[in-house]
Amino acid sequence: MSKAPTATYRLQLRKGFGFAEAGELAGYLAALGVSHVYLSPILQATPGSAHGYDVVDHSRIADDLGGEEAFREMAARLREHGLGIVIDLVPNHMAIPAPETLNPAFWDVLCHGPDSPYARWFDIDWSEGAVVVPVLGSPEDEPEMDGDVVRYHEHVYPRGGRYRLGYWRDTEPNYRRFFDISTLIGLRPEDPEVFDRTHALPLRLVRKGLVDGLRIDHPDGLADPRGYLRRLSGRARPGTWIVAEKILTGGERLPEDWPCAGTTGYDALGMIGGVFNDPAGDGPLTDAYTTLTGGRRDFEAVEREARRYAAERMLVPEVDRLAGLLAKILPDDDPEALRLALVELLVAMPVYRTYVVPGEEPSARDLEIVAQAAAGARAALPDGELLDRVVPLLLGLTGRDALRDEFVVRFQQTSAPMMAKGVEDTAFYRWSRLAALNEVGGDPVRFSVSPEEFHAYCAGIAAERPGTMTTLSTHDTKRQEDVRARLAVLSELPGDWIEAVQRWHARAPDSPLDPDLDYLMWQTIVGAWPLSGQRLKEYLTKAMREAKTRTSWVNGDAAYEEAVLAHVDVVLADPELADDIEGFVALLAPYARANSLAQKLVQLTMPGVPDVYQGCELAGLSLVDPDNRRPVDYVRRRELLADLDAGTVPADLGGEKLLVTSRALRLRDEHPEWFSGGYEPLAADGPAAEHVLAFRRGGVTTVVTRLPAGLDARGGWDDTHLPLPGGPWRDLLTGQSYVSPVPLTGLLGMLPVALLIEAE
């Protein structure tokens, strides 16, 4: 396997913060202790893109970011400071921009249809001989003829081309999309020519040594993720570090035959967060949720309904195309019954997808997954006999022809967006028992993770994929890590939380919000406090549209949305209510501090390659879009790091978190051998032993506090000690030295975490 970085730092590039600005951070990032700068997509995207995932031209580096010359200058500047580069690749889709001429390949397809040399690039159903584009604002709208082109608002199409424009509400596109976004069209990198054309530039950068690693976006959208990774790793320079944005669910493991270092870390995020949740809070918070909202105790039922909503309302073109294939394969069966069976199989899938390859025997994993899906579908169908004919097709067990092979692949490419849109982007906004659990790759049902489970997970990483990425925050996380750390305290103080919410409900005017949204609002206020009305409004607008219960992105209820936003103004304008919230947040603060520092140190020292999302070396309370891509104040971070290096004691949580981050990252950089292999769990002795999470890696020992409110309630550490071999031991965070057994009262007295090495 390729040599991994010691640590990465993610930067979100955009117009105004491009390669030149990234290069200016070289000195700071090197001083922080990372080995590689991890960049958001760098290829030419739709002009003005805030994220870069809407690529329009694979042959160019983005103009908005400075172009190839600026990229090379940035790379040289980073190299001067010993920093490598990891870039984000988007192989699954391209943008359909406005004007459409911005995407030369797609423009040629609009002109020439299936006769275009670029037709093979895109996953289009050519049965109509044209591309069907849902773009018109109303059924009566007519584009304007303008010479050789057709114009519709900002859109441009070739006159006499091979396309059909339709009303966006009732026209199904005949191309695979990225999820339900009709302006992102699916690519076919399984075609060697398409792969070569779309990967030539990034692979050239890799071969020339300008890029050291690749992050692969949404591999589950690909026809054959394993085949794609094999081709990619075979074309890249030996030693190139490759990680895949694979979301693992329900104990799922990354396929062993994928030639990559691992995932992008959402599995680690869930495990780390879970170990700081108190399992004793499960029952009280579930009771409170159901009492205050009238919501269900059973998330699985909410999930099933949300997946079905996705199938019937959001991913209709994809499901219809899949059902059409099945009807051709089984022409004697009722097409509507076949479609219903497909929907129930998709709803019952326990993971994002299988990885069946036509012509190969299905793996034991895939057989088990399909069996689980079939059992769930059979229970939901009035007549499960049809499944006996459909299920073998999913596994490629009924012989091979073009239709059957396509069905195998397309089912897998449909089940993944069903999970993403139905669960993460719908159900997670409909069931808010504890919002910290509703995270990308997370499982709201798994309330907590025991230390034993966490240690087993880490041992598995160390043994199997030591180069996998770990993370706590990304551009897609719904809440920044410190928000989740604060909300985790609610699991320890459920009584205080329930009393507070009841007081706030009684004081605030009658809420027009759906009960679940209302409960989510209070958690958001507490988790991100202090926050402006504008930020809360932006977050709640996203949350209520994603939930799709009263309003949505497609079918908005303006009156409901206005009432929700007006309620925010009333709530935040009440000074007594604000004082009460302030007091409750102050109650959480010391325990949230302990969680923030603990989860950060654990992430930075556990097995895997830690990524620091831009700005998260300091404490922050960002929410999802647009917060996650806000500009970062690097002047302040440079000054704080210089102060710490000069011996200044941190003045607040931000400074403490920067201390933890910089010292852990520098240690990884100085002693990569300590962090490249094994993992040894450590156990404390004494009455408060359950409040310690500790492990050893090479010559370094990580010790953190867990469940700090419970620790405080029992009166502190008492005579709890941590036995350690050898010594004496020095804490890199405080400079204090200790002999074994180390008393936790002293070790975790100044900070709730410690990073120990043997004193020289």
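Student: Which residue is the bridge partner of Val243 in β16?

Tutor: Keep in mind that we're looking at a predicted model. Strand β16 covers residues 262–263 and pairs with β15 in the parallel sense over 2 bridges. In β16, the residue bridged to Val243 is Gly262.

Student: And what stands opposite Trp241 in β15?

Tutor: Now look at strand β14, residues 213–216, which runs parallel to β15 and is joined to it by 4 bridges. The residue opposite Trp241 is Gly213.

Student: Is the crossover from β14 to β15 right-handed or left-handed?

Tutor: Follow the chain: after β14 it goes through helix α6, residues 225–235, and then on to β15. That makes a β-α-β crossover, and its hand is right-handed.

Student: Which residues of β15 point the other way from Trp241 and Val243, and are they buried or exposed?

Tutor: In a regular strand, side chains alternate between the two faces of the sheet. Here Trp241 and Val243 share one direction, leaving the opposite one to Ile242 and Ala244. Both pairs of side chains in β15 are buried.

Student: Moving to the helices, at what angle do the axes of α18 and α21 cross?

Tutor: Two packed helices are described by the distance and the angle between their axes. Helix α18 spans residues 515–528 and α21 residues 575–605, and their axes come within 9 Å. The crossing is right-handed, and the angle is roughly 65°.

Student: How many nonpolar residues are in that contact of α18 with α21?

Tutor: From α18 come Trp522, Ile525 and Val526, while α21 brings Leu577, Ile581, Phe584, Val585 and Leu588. No polar and no charged residues take part, and the nonpolar count is 8.

Terms used. Residues numbered from 1 in each chain as written. Predicted model: local features only at pLDDT ≥ 70, side-chain atom pairs only at ≥ 80, totals over all residues. Heavy atoms only, no water. Axes fitted to C-alpha atoms, helices over the stretch in contact; angles between N-to-C directions. Left-handed = near helix turned anticlockwise from the far one by under 90°. Contact = heavy atoms within 4.5 Å. Nonpolar A, V, L, I, M, F, W, Y, C, P; charged D, E, K, R; others polar. Buried < 20%, exposed > 50% of the residue type's maximum accessible area, 1.4 Å probe, protein only. Pairing = 2+ DSSP bridges. Right-handed = clockwise from strand over helix to strand, strands pointing away.
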